Amino acid sequence: MGDTALIVIDMINSYEHEDADLLLPSVEKAVPTIVGLLERARGRVPVIYANDNFGQWRSHHGEILDQALAGARPDLVEPLRPDDASLFVVKARHSVFYETPLHYLLGQLGVDHVVLCGQVTEQCVLYSALDAHIRHLRVTVPSDAVAHIHPELADAALTMMRRNMAATICQADDVDFGGAPSS
């Protein structure tokens, strides 16, 4: 498919957790932008969902999706529903790489550039960007396609990604999926 993959981080979420009230305003703004990224990426580059399993070690992506759709904000989950071509990696901790097969999968797909979107900017997105960087992957983070709990920490995280990890920080409309038109 190409050398770029779109990775959607932790957006399959029930929003029934401690920081949900602080996170939701930012998620509400990011979801339409992520939907636009998905529309542009699908059929052009691999789309990989990397999602927490919420401690349910017998769960798989279908169960995680069903639980999120039954949660407090299905309206934020439904537009981001994985399609049949989407890949899914279940994660247990902050980074999409930690104890997951993601790095191997990206190698099998010939991917050397990841576009990270999702939540939470100052946690899972930041740690995933660092882990991608140390694996010699190019990293792009569209700042309007990530959601945060604390705006000041999110701004600092984006700055760190740009300065310390050589990440491209841009707007979603500026993401290039290998010549895909920006519509």
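This tour moves through a predicted model, one selection at a time.

**Strand β4**

Begin by selecting strand β4, residues 113–119. The strand is mostly covered, with seven of its seven residues buried. In a regular strand, side chains alternate between the two faces of the sheet. Display the side chains of β4 to see this: His 113, Val 115, Cys 117 and Gln 119 point one way, while Val 114, Leu 116 and Gly 118 point the other way. Residues on both sides are buried.

**The neighbours of β4**

Which strands pair with β4? Add β1, residues 4–9, to the selection. β1 and β4 pair in the parallel sense, over six bridges. Within this pairing, Thr 4 has His 113 of β4 as its bridge partner.

Next add β5, residues 138–142. β4 and β5 also run parallel, and three bridges join them. Here His 113 has Arg 138 of β5 as its bridge partner, and Val 115 stands opposite Thr 140. With His 113 selected, one can therefore look towards Thr 4 in the pairing with β1 and towards Arg 138 in β5. β5 is mostly covered, since four of its five residues are buried.

**The end of β4: a cis peptide bond**

Select Gln 119 and Val 120 and inspect the peptide bond between them. This bond is cis, with omega at about 0 degrees. Most peptide bonds are trans. Val 120 belongs to the loop between β4 and α5.

**Helices α5 and α6**

Continue to α5, residues 121–134, and add α6, residues 151–165. The axes of the two helices come within 9 Å and cross at roughly 5 degrees. At that angle, which is under 35 degrees, α5 is roughly parallel to α6.

To view the contact, show the side chains of Thr 121, Glu 122, Val 125, Leu 126, Ala 129, Leu 130 and His 133 on α5. On α6, show Leu 153, Ala 154, Ala 157, Leu 158, Met 160, Met 161, Asn 164 and Met 165. What is the make-up of this contact? Its residues divide into 11 nonpolar, three polar and one charged. An α-helix has 3.6 residues a turn, so residues three or four places apart point the same way.

**Beyond α5: His 136**

Select His 136, in the loop between α5 and β5. Its phi is positive, near 65 degrees, although the residue is not glycine. Most residues other than glycine have a negative phi. Is His 136 buried or exposed? With 73% relative accessibility, His 136 counts as exposed.

**Tyr 15, for comparison**

Now select Tyr 15, which is found in the loop between β1 and α1. Tyr 15 also has a positive phi, near 55 degrees, in a residue other than glycine. Tyr 15 is buried, with a relative accessible area of 4%, whereas His 136 is exposed.

**Helix α1**

Select α1, residues 20–41, and look along its length. Where does the helix bend? A kink of about 35 degrees is centred on Val 27. Further along, select Arg 40, which is found in α1. Arg 40 counts as buried, at 4% relative accessibility. Add Pro 101 and compare the two positions: Arg 40 and Pro 101 are 61 residues apart in sequence and 25 Å apart in space, C-alpha to C-alpha. After α1 comes Gly 43, with a positive phi near 85 degrees.

**Two buried loop residues**

Select Ala 145, in the loop between β5 and β6. Ala 145 is buried, with a relative accessible area of 0%. What does Ala 145 touch, not counting residues up to four places away in sequence? Its contacts are Ala 30, Thr 33, Ile 34, Leu 37, Cys 117 and Gly 118. Cys 117 and Gly 118 point opposite ways from β4.

Finish with Ser 95, in the loop between β3 and α4. Ser 95 counts as buried, at 4% relative accessibility. Leaving aside neighbours within four places in sequence, Ser 95 is in contact with Tyr 127, Ser 128 and Asp 131. As a last selection, add Thr 159, whose C-alpha atom is separated from that of Ser 95 by 18 Å. Ser 95 and Thr 159 are 64 residues apart along the chain.

Technical notes. Residues are numbered from 1 along each chain as its sequence is written. This is a predicted model: local features need pLDDT of at least 70, side-chain atom pairs count only at pLDDT 80 or more; totals for chains, interfaces and linings use all residues. Side-chain values use heavy atoms; hydrogens and water are left out. The bend at a residue is the angle between axes fitted to the seven residues ending there and the seven starting there. Buried means under 20% relative accessible area, exposed over 50%, partly exposed in between (1.4 Å probe, protein chains only). Axes are lines fitted to C-alpha atoms, for helices over the stretch in contact, and angles run from 0 to 180 degrees between N-to-C directions. Angles under 35 degrees count as roughly parallel, over 145 as roughly antiparallel, 65 to 115 as roughly perpendicular and the rest as oblique. Contact means heavy atoms within 4.5 Å. Ala, Val, Leu, Ile, Met, Phe, Trp, Tyr, Cys and Pro count as nonpolar, Asp, Glu, Lys and Arg as charged, and the others, Gly among them, as polar. Two strands pair if DSSP finds at least two bridges between them.
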